[in-house]
Structure formats: structure tokens, C-alpha cells
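Grab a pencil and get ready for a few short exercises. Have a go at each task before you read the solution.

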Amino acid sequence: MKGKRLAVLTSYGIVLSLLLSASSPGTGIILNSAEHEVYLFGKYDPPIQLHIARPVDQTWTYPGGDSIEDNIWYREYRNLLGIEIEHDWTALPGEYSRKLNVLIALGSLPEMFSVSAGQLKQLADADQLEDLTAVYERYASGRTKKLQLGDGGAALASATFNGKLLAIPIVNAPIYEANLLWVRTDWLDKLGLPEPKTLEEVFAIADAFTRQDPDGNNRQDTFGLAINNYLYGGIASVTGFFNAYHAYPQTWIKDGNGQVMYGSIQPEMKRALGKLQEMYRSGQLDREFGVKDSDQVVEDIAANKLGMTFGANWNPYVFLDAVRQNPGMEWKPYAVPSVDGVPAKASVGFSASGYVVVRKGYQHPEAVVKMLNLHEEVVHGSRRGEGEFITVEEAGGRINTSRLSFVQSGVSNEDVAESLSLLREAIRNEDGSLLKDALTETDKYGPTLDYLTTGNMDNWAVAHQYFGFETTMDHYSGDRLLMTAFGGQTPTMTEKWAMLDRLEKETFTKIIMGAVSIDEFDRFVKDWNRLGGKAILEEINEPYGGE
């Protein structure tokens, strides 16, 4: 165990060293600013060919004359970096992973390609990947390192095995996933109800929306809380409801000793499920929720059947058609109240959504870092004004060109929080110049300000998403945002997770609908552990274990 623990500590040490070296090109190299720029973006002369594989969606469109083989990003790789992209193969997103799994087993790999967390682990164990530790430290620009470390180093640590950085993580911002409580405030006003500040007030609203005919049709055909048959996700989710009970479904959480546990099997879940069962029994949940997906829930919202839901900040785009069909309908986001007054945390996913890797032995592994530098500079840096790398307007439509970038990364929670703070200041002061340092959401400024000053319904959804941003900023910063503690995939998870996930959702649905007793939760926990969950937890925690 000592060796495994040392490997983990070493990986975090690498992340720290990357942070400390963010302003220099590498150990022993001292360059001025101009030389440093050439070093980080230096052009291969003669050009190099880079053989890649990538998923390509058949719905993608391209500006006139362009294609997946010849586009604005590939031309920039060639013109600026001297990198000529050659596709070994492409595949539809659903087929890509299956084809790659076959080629991994055969050992027939392109020079650079994207992988999932599970595929990364498999390739790392098989020693088929190039060690990127030195080239990342030497070639990554300061901007790249800052953006990659905006999650505290979690994504980079997940790409590090036995002290070696084996992948470039695609960093994202899980803060966008936080469940908020969305309530129809026009129904609150009609029934004379206060805005919800406590969980008891949420329950009172759910009961009133069910029994007091808020739609005014003289029939008891409305429900207090929307739920979809998948249970989780960004629309009509129960995740926010569980968070109110300090329960964190489908989330890996740490106990007081640093051991990783699975949120869905903790005792807090049982209490929350019991309350949902009570609400279902009293008619506050749709009797048919178990067969309704999110699209059908959205239809019920438009049909004036639902007045409260837990969901992501972007839910206003889901509500928009309903608002247009029902003049006077109004939704407002609230922070999720807790069952005991201790502020509820929002559980969210991991900060890496995927990885780009380099086949072991490839002669120019630094190319992946140079391509990432280019992406960060064009999308988030000094070249942000070159919008043709993001979208192109052609024939009255908008074509997304940013997805053609092969090595890319988003922004972290830290970057989003900084950008949203600048957006709020710009809106409050009606001064768009305050957005100059914002990395994201700058397109919300004009439409939101327009809605606030004119009430233009064309900008209703944009403005209400901004209201969701404000709620998130004010209530889910720091430790109020609970990011899952594990973003990889263990061997047993690869084999057993689909079955365990199905067991969880089927059991929880049966409990909520009263088809089984609340005590079925205890049986579920035992079955989850017996059928592979215990082994998964042991695999996750093994590097952190004792002697």
C-alpha cells in the first residue's frame, strides 16, 4: 500500500508543481515575452503530420467549402503551428467509443485521440500512453495552466497515474449543474402564498398548488412538484429535493476520514424518499410520473399542470414555450432550503468531461499542448475577437465552428464565478465595458438588460437564466457546491455500473410510488453492495487505504 499511496501523493505533487510553474516555459529555460510566445506556439518546420481519431456528429454543418478534413481550426493548426491533421478514422459519437474499445484491445491506436475516464484508465494500465508531464510543464502557456487549475487541480490529478500526466483533461464547470428550485410565482400571487424560504414552506406550496386550483379551471388536476421518470438530470429532477435533506444521489462523497462513499446509499436518502412517498400518496406528484420523460413533463408544464420543479439554471429555455402559450405565467429561481436550517449543498458532477491522449512513442507529444494553448488563446484569451473560430453566420443561420477544435477545454467553476460576477456588475451599471475580462456568458448582457428595461419577451429565457446565475452565485459558492469526489472508472464499475444504476432508479421509483415500503431502501443498500457496489468503493478507496 505504501507504493500506491506514494503514487497518489506524487500525482498531487505534480499538480502543485504545474501551478507553481504556470508563468515559465520549463525548468532551465529563461525566455523573454516574445521568445516565450514563439516557444509556446512555435511552428514546426518542416510541418509534421498528426494522425488522429475523433467523433464527428452527422448533424454538424460547415461554412461553404469547409469540411471535417479542411476547416478553420485545421488550417490554423497548419498555418500557425505547422501541424497537418490526418484522420485515421472518424465515427459517430455513439459508435466512436465502441470502435475505440476494439482498437485499444488490438493495440492499434492513432497518434492522438479522445477517451473517456474508463478508457484512460485501461490505456494507462496497459502502458500505451505517452507521459506528458514534462511537455505540459514546459510548453503549456500561463493561460492554459490557469484555466486547467481553476478546479483546484482535480481534473489534472484525475489524468495523472503513478506520478505521470497521461492525458489533457477537458475541463468543464459543474457549477452549471446545480439544482435550483423553480416556482411559478404567478400561482404564488394568485393563492396569496409567500416565497419559499424554508422546506416546510416548500411543502405548503406543493400542497396548495395541488388542492387550491391555481389554474382556475375548477378541477383538481394540478400537481405541486414535477418529477421525470429518469429521476435525475437538469429538468424536473429530484436531486435538488434530496440535497435539501443533505443527501447526494449519484455522487461520490468523502466521510470525515477521507474515505469515498456513495451518496445514494446513505441514510439521509431514506428520509427524503419517505417524504416523496408521502407527497405522492397525497396527490402532490403526478401519478404517472414513472412513465413520463422530461419532454412529457415539459408538455405538462405548458398545459398548466405543474407549478414547481427542481432543475438547472437553464430551465427557462424549457419553460419558454409554456410562457408564450400562457400569458402571465412567471417562474423564479430560489436556493434549495434545507430540512434542518443548515444550508443545503448542491451536488454536481466532476470537472473533467473527457480527455485527449497521445500514443506512447509519438515523436512530438508537445503538439497536444500547443494545440491546447491555441484553443485557450482563441476562445478565452487575446484572440477572442476572432469570432469566426466560434461561430460563422451564413445564409441567415449560425454555424458552430468551435467544436471543430480538436484539443479543447472549457472553463472551470472558478472562471465561471469570476465571469458571472463581472456580468452582474455590467448589468447593474448598464456598462458592457465591465465584461472585458469575462471568459463566458458575455452574450447574456444585452438581452438581459433589454428584458429588465423593456420587458421584451423575446429575451425572457435569457434574462431568467441570468436570474438563475444570480441565485447560484449567491448560494452555491465555496463549499456549498459539492463536486463528486471521484471522476474515473474502476474495473468493477465498467462491468457492473449499468446494472447498479438501473437497480437504484427502479427501487427509488417503486418507493416513491408506494409500490414497496420505505424499508425497501435498506434492502437496496445491501443489494447494491453485494452486486458490485462494495467492490467499486474498495477500488476507489484502495490508494487511500491503510498499510
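The exercises below deal with a sheet, a pocket and the cavities of this predicted model.

**Exercise 1. The sheet**

Work out in which order the strands of the open sheet are arranged, and which strands are at its edges.

*Solution.*
- Step 1: Read across the sheet. Its five strands come in the order 2-1-3-13-6, and the pairing is mixed.
- Step 2: Look for strands that pair on one side only. These are strand 2 (83-91) and strand 6 (168-171), so by the rule that pairing takes at least two bridges, they are the edge strands.
- Step 3: Check how the neighbours are turned. Ignoring direction, the average angle between neighbouring strands here is 25 degrees.
- Step 4: Zoom in on one pair. Strand 1 (residues 48-55) runs parallel to strand 3 (residues 112-115), and two bridges join them. Within that pair, Ala 53 has Phe 113 of strand 3 as its bridge partner.

**Exercise 2. Helices across the sheet**

Find which strands helix 3 and helix 5 lie across.

*Solution.*
- Step 1: Start with helix 3 (residues 72-81). It lies across strand 1 and strand 2, at about 150 degrees to strand 2.
- Step 2: Move on to helix 5. This one lies across strand 3 and strand 13, at about 125 degrees to strand 3.

**Exercise 3. The second largest pocket**

Describe the second largest pocket: how much space does it hold, and which element gives the most to its lining?

*Solution.*
- Step 1: Take the volume, which is about 940 Å³.
- Step 2: Go to the centre. The lining has 35 residues, and Glu 177, Gln 250, Gly 349, Phe 350 and Thr 484 are the closest to the centre.
- Step 3: List the elements that supply at least two lining residues. They are helix 5 (117-125), strand 12 (346-348), strand 13 (352-358) and helix 19 (491-512). Strand 13 gives the most, with four residues.
- Step 4: Sort the lining by class. You get 15 nonpolar, 18 polar and two charged residues.

**Exercise 4. Two cavities**

Say how the linings of the largest and the second largest cavity divide by class.

*Solution.*
- Step 1: Search the whole structure for cavities of 30 Å³ or more, and two turn up.
- Step 2: Take the largest, with about 40 Å³ of space. Its lining includes Ala 226, Asp 286, Lys 292 and Asp 300. The split is five nonpolar, no polar and three charged.
- Step 3: Turn to the second largest, with about 30 Å³. Among its lining residues are Val 202, Phe 203, Met 279 and Phe 310. Helix 10 provides the largest share, three residues. By class, this lining has eight nonpolar, no polar and no charged residues.

Methods
Residues are numbered from 1 along each chain as its sequence is written. This is a predicted model: local features need pLDDT of at least 70, side-chain atom pairs count only at pLDDT 80 or more; totals for chains, interfaces and linings use all residues. Side-chain values use heavy atoms; hydrogens and water are left out. On a 1 Å grid over the protein atoms alone, a cavity is a set of points where a 1.4 Å probe fits but cannot get out, and a pocket is an open set with protein on both sides within 12 Å along at least five of seven lines; lining residues have an atom within 4 Å of a point. Grid points are joined across faces, edges and corners, and a volume is the space filled by probe spheres set on the points. Ala, Val, Leu, Ile, Met, Phe, Trp, Tyr, Cys and Pro count as nonpolar, Asp, Glu, Lys and Arg as charged, and the others, Gly among them, as polar. Axes are lines fitted to C-alpha atoms, for helices over the stretch in contact, and angles run from 0 to 180 degrees between N-to-C directions. Contact means heavy atoms within 4.5 Å.
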